[in-house]
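Thanks for making the time this morning. I would like to take you through one model and its surface, so please have a look at it first.

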Amino acid sequence: MFSKKNKAERTAADAWDYLSSAVTTASDSAREAGSHAVDVTSATASKLAGKASKKSSKFATEAQDKSVKLAGRAGRKAASARDEALARAALAADALAGKRPGVPWGLVIGAALLGAAIGWAAATSARAALERQAENEELELAETAVVVTPKYDS
């Protein structure tokens, strides 16, 4: 198949050909209208030629604007497709050469930090639970404690 760059170039070339043929046709029709105008009436023919000339220049301007827009769009799409194709080609060449892709260090460091945060939260909550359990056991012992005072026989 054709690449996007070639397609963009073809689109721009087609637009330019369309513009050139539109201008040529408009010029020819204006010239023909001018030559027939001498035969018919010069006043009416010159009015018609003026109108044809104005319309043809208007159409030529519109065609040129549209071709410029289309060529710009095609060029931008071709550039982005070219960049992606180059990146994929480089990755494929590296894979064929036996090179492994780089380690995503940002993800590794992010996962380590997330694990450390979760571990810290778990350790803090476990420490708080053990302290509460120790306090409850101490209170229970204090409530159930029996004070024994020895009696001396004397």
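Where does Val103 lie? Val103 sits in the loop between helix 2 and helix 3 (105-144), where helices are DSSP runs of H or I with at least four residues, strands are runs of E with at least two, and numbering starts from the N terminus. Before I go on, please keep in mind that this is a predicted model, in which local features need pLDDT of at least 70 and side-chain atom pairs count only at pLDDT 80 or more, while totals for chains, interfaces and linings use all residues. Residues are numbered from 1 along each chain as its sequence is written, and side-chain values use heavy atoms, with hydrogens and water left out.

The protein chain has three helices and zero strands, and of its 154 residues 10% count as buried (under 20% relative accessible area, with exposed over 50% and partly exposed in between, using a 1.4 Å probe and protein chains only).

Now to the patches, which are built from residues with over 30% relative accessible area and no salt bridge (a side-chain nitrogen of Lys or Arg within 4 Å of a carboxyl oxygen of Asp or Glu), joining like charges within 9 Å and nonpolar side chains (Val, Leu, Ile, Met, Phe, Trp, Tyr) within 5 Å. Val103, which is partly exposed at a relative accessible area of 48%, joins Trp105, Val108, Ile109 and Leu113 in a nonpolar surface patch of about 530 Å². On the charged side, Lys66, Lys69, Arg73, Arg76 and Lys77 form a surface patch of positive charge, and of these Arg73 lies in helix 2 (residues 42-96) and is partly exposed, with a relative accessible area of 48%.

Note on methods:
Areas by Shrake-Rupley, 256 points an atom, 1.4 Å probe, with all protein chains shown as cover. Lys, Arg positive; Asp, Glu negative; His and termini not counted. Charge placed at Lys NZ, Arg CZ, Asp CG, Glu CD.
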